[in-house]
Structures are given as structure tokens and as C-alpha cells.
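Here is a friendly walk through some local features of a protein chain. Have the sequence and the 3D view at hand as you read.

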Amino acid sequence: MTYRYRHWKTWLFVSFCGFFLALYTLQQEPKNGAESYLCSDREELSFLLDWLKAEETHRPFIKKIVKKLGKPLWDVADIENTAEETFVFVPLHHSRYGKSIRAIWFFYKNKEGDIYQCIKERVDENMDFYDQVWLCSYFGYKIFGTENIEHIMFLPATPSKERAEIETCWDAYMGATATTAIEDYKYQGRYCKYKMIWVKWATESGIKKWIEEVPPARKMRARVPKSLRKLIHRNLNLNIDAMEKLRDAVKILRADSYSRIFLKHLEEKGYVVGCVRIFDEKQGNASYNDTNGYLSFQTEEFITHKILFHELFHLYQHKTNQIDRKKDIGWMEYERIIATDILVYIAVAGEKDRKFWEKKHDSLVTDYIPQDRKDAYLDWIDRVTHSGTTYPTLLTDEELLQFFDLYKTTHPTYYKRYTYDHQFSFHTIRTIMKVFATSQ
């Protein structure tokens, strides 16, 4: 009896040990299990995977990445090649994020064959500055289709005529739910991968800096904030400080009644600046080029609300009128300043104080013209606006040209650029006055 009891206890002890040993074995990965995360059938990735496996052997790292950020999805990685460089974007997917991508593993191979890499998470503060947060959305759609958590869809975008960097762009569309019909998706804008500035390149190869810090954000190109995306398609080279100045300038314009209506109209019509940049082209403090849609500021200091309104009005002129840029550029300035004077006059209900006008914009009301002509000009504006209460929609060419002599005095540089044998149509000023009249 005692022998059987002891035999039974021994058998039970061995069974339990065997069970727990088997369970422990199931929970453990094979010794080389980490390499299972560094495999792909894509031949174009073999150079990268071989390099990573060598690094893993030297100092294990892949399990740390998988645990923290998720598994690398090599089969859907984006590979971009130039003549001498290779860029690879690999989404990392963690089960805790469902049908969403929250991190990108980025690799760069230069012409010497050196490989650098870093990982950026969507929650990283600086990631938002380079539109790379949208790269996560793109991979979410690429992997999960319209069932991705954001219900977003990307389609190939028409390539830009001029490329300043190596880039890939998509047009993004957002649905209310995952079951939203494709034709009901709403356009959200164009989003691009700017590979050359996405991260600070590592100064050494290997995984030692596998989460690489980006350079100080204010020294690098800024992302166009959501508040400006209806006015500006993309940013070429404005840094964070310059972009903040631009955003502040727009805030000021949206605070004034006349400029707020104007900006709203631009957005409703879809009149957008193609690209904003700092570019010293020696043609004044700022310029809008209707050929490529570029809004250029000579330096950061010229990003002000007055100059911005000035250039956006030129954008509106190009969109609403058939303008010969070589012949009409001087006339455009004359039309712009009269139109703005009228809008400001109505906004302040007949305010004639010179200092106020100069604060608002570069008015014809300056110290450079005789007092009697200044009075005549303001009296005319007062009359056609019914003491600053009504937007004039029936302005004649004769009326508009009667103060051309004032412009000769106040803007001599622009005056030299007029073409006298060219008939200019003041179509834009009449159009904008009708827009404002319907907004009253």
C-alpha cells in the first residue's frame, strides 16, 4: 500500500514537470526566432535583411523592436531608388493598435553602400512636421484597405511639374465609416513622402541608435498646418519659425472682417498657392508666380499679414482674369491697391485717419501726395461706397483711372513697369466687390 502510494506521487510529480516543461517550451521562441522577423521573399530587400541579420548576431535588437513597436511588414515596404541611393520605408504593426500603423522603420543606403536607419512613431512630436504622420495613414490603407481605423484612402496623384526633392505623393480621401461608398469619400488633400529630409541621418551604422533623434525642428522644413491647407498646397523650405509667422499672418487676416471674407472666398473657389518658400529673387519682398503657383518671400521677416494679403490678391487676379504677366504686372498693382482701399474703408465704416490706413496696408493715402488729391480720393471712395456701407459693383474704367497720378507718386517702381499701349481690364476689382456685396 505504501509502495503504490509513493509510486503514484512520483508519477504525478513527473507528469506535472513534463506538462510545465512542455508549456514553457511552447512559450519560448527558438534560439534563432528573432531571425523570423528578418525574412522576406522580396529579392530587392535581400541587401537590407542580410545587413540586419549580421547586426542581430553582433548585438540582438529585433525582439526589442517587435515588443515595443510591432512586427516589420517587409512584404508591403516601399522601396525608392535613385541613381545612387536607396530609401526603404517599412511599416511596423503591433496588435494593440488594431488596423492602424503607428510606426515606420526607415532605411537609407548611400552611394558608398553605407546603411543608416531610424524608427519614427506616429506619436513623436516632430514627426508631424514633415507630413510623415500621413505615411502611417498610407500604410494603414495599403495593408487594411478601407477597413483601416481612419477610414482613409490614398490614390496616385499627378506628379508635380517641378520637383525640388525626391518625393512620392498621393491624394487622400476620407470616409465617414469603413463601409462608406468609394464615390462618397471626401478629398482631404495631397500628401507626400519627402525622403531627403525625413530624419537626421545616423552618424554611424548599426543599431546603436535605432530610435534616432531628429534635428532641432525649427531648423528644418515645417509641415503645412491644417489651418493653412486650404490656402497652401505644400511648403518648400520654410522652417518651423517661418511657418509660425505665416500662420500668425493668416490669423490676423481672419480676424479682420474684409480679409476674412476674402480668404473664405479663396477657399470656397479652391484657389490655392501651389508652393510657399523663401527665395531671394531680387524682385521685392515677396512675389506670386502664376506660372508655377509659387508664393515666394525674400526673407522670413517679410512674412506679414499685409504682404500675404497683397500676394493672395495677385493669386485671385490670376485666377479671375486673363492677365498677361509681362504687360499687366504694373496695372495689377494699381487695381490691387484701389480694391484694398475700398475694402478697408468699408470695414472701418468710413475711417479716414491716415495712420490707421498705413497700419492696414500700403494705401494710396500717404504723405507723398498733396492734401487736396488725398481728400478727393477719399471723398470718391466715400461716395461710391455710400459712406462706407456698400460695396461698389458698377465701377467704370474712367472712375478707376482718375487717380492714376497718385499711384505714379506713391509707387514709382511699379509705375515704371506699366505698358501704356496695353488695354487692362479691371475685371478682378468688379468681381471681388460683387463677392463682398453678396456677403453683406
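Cys 136 is buried in this predicted model, because its relative accessibility of 1% falls under the 20% cut-off. Cys 39 has a relative accessible area of 45% and is partly exposed. How many disulfides does the count come to? The count is zero.

Let us turn to the charged pairs. Side chains of opposite charge can pair when their charged atoms come close. A search of the whole structure finds five salt bridges, among them the three in this table:

| Salt bridge | Closest N to O distance |
|---|---|
| Asp 78 and Lys 142 | 2.5 Å |
| Glu 267 and Arg 254 | 2.4 Å |
| Arg 336 and Glu 333 | 3.0 Å |

The salt bridge between Asp 78 and Lys 142 has an N to O distance of 2.5 Å. Asp 78 sits in strand β2 (residues 78–81) and Lys 142 in helix α4, so this pair ties together parts that are 64 residues apart in sequence. Asp 78 is buried, at 8% relative accessibility, while Lys 142 is partly exposed, at 35%.

In the second pair, Glu 267 and Arg 254 come to 2.4 Å between their closest N and O atoms. This bridge links helix α6 (residues 257–269), which holds Glu 267, with helix α5 (residues 240–255), which holds Arg 254; the two residues are 13 residues apart. Glu 267 is partly exposed at 23% relative accessibility, and Arg 254 is partly exposed at 29%.

And where does the pair of Arg 336 and Glu 333 lie? Both are in helix α8 (residues 325–347), and because they are three residues apart, about one helical turn separates them. Arg 336 and Glu 333 are both buried.

On the surface, Arg 59, Lys 64, Lys 68 and Arg 96 gather in a patch of positive charge. Of this group, Lys 68 belongs to helix α3 (residues 62–69) and is partly exposed, with 37% relative accessibility.

Now for the backbone. Most residues other than glycine have a negative phi. His 151, however, has a positive phi near 55°, and its place is the loop between α4 (133–144) and β6 (152–156). His 386 likewise has a positive phi near 55°. His 386 is found in the loop between α10 (371–384) and α11 (397–401), where it is exposed at 52% relative accessibility.

Finally, visit Ala 172 in strand β7 (residues 167–174). Ala 172 is buried, with a relative accessible area of 0%. Its C-alpha atom is 6.0 Å from that of Arg 190, and the two residues are 18 residues apart along the chain.

How values were computed. Residues numbered from 1 in each chain as written. Predicted model: local features only at pLDDT ≥ 70, side-chain atom pairs only at ≥ 80, totals over all residues. Heavy atoms only, no water. Patch = residues over 30% accessible without salt bridge, like charges linked within 9 Å, V, L, I, M, F, W, Y side chains within 5 Å. Areas by Shrake-Rupley, 256 points an atom, 1.4 Å probe, with all protein chains shown as cover. Salt bridge = Lys/Arg side-chain N within 4 Å of Asp/Glu carboxyl O. Lys, Arg positive; Asp, Glu negative; His and termini not counted. Charge placed at Lys NZ, Arg CZ, Asp CG, Glu CD. Helix = DSSP H or I, 4+ residues; strand = E, 2+ residues; numbered from the N terminus. Buried < 20%, exposed > 50% of the residue type's maximum accessible area, 1.4 Å probe, protein only. Disulfide = S-S within 2.5 Å.
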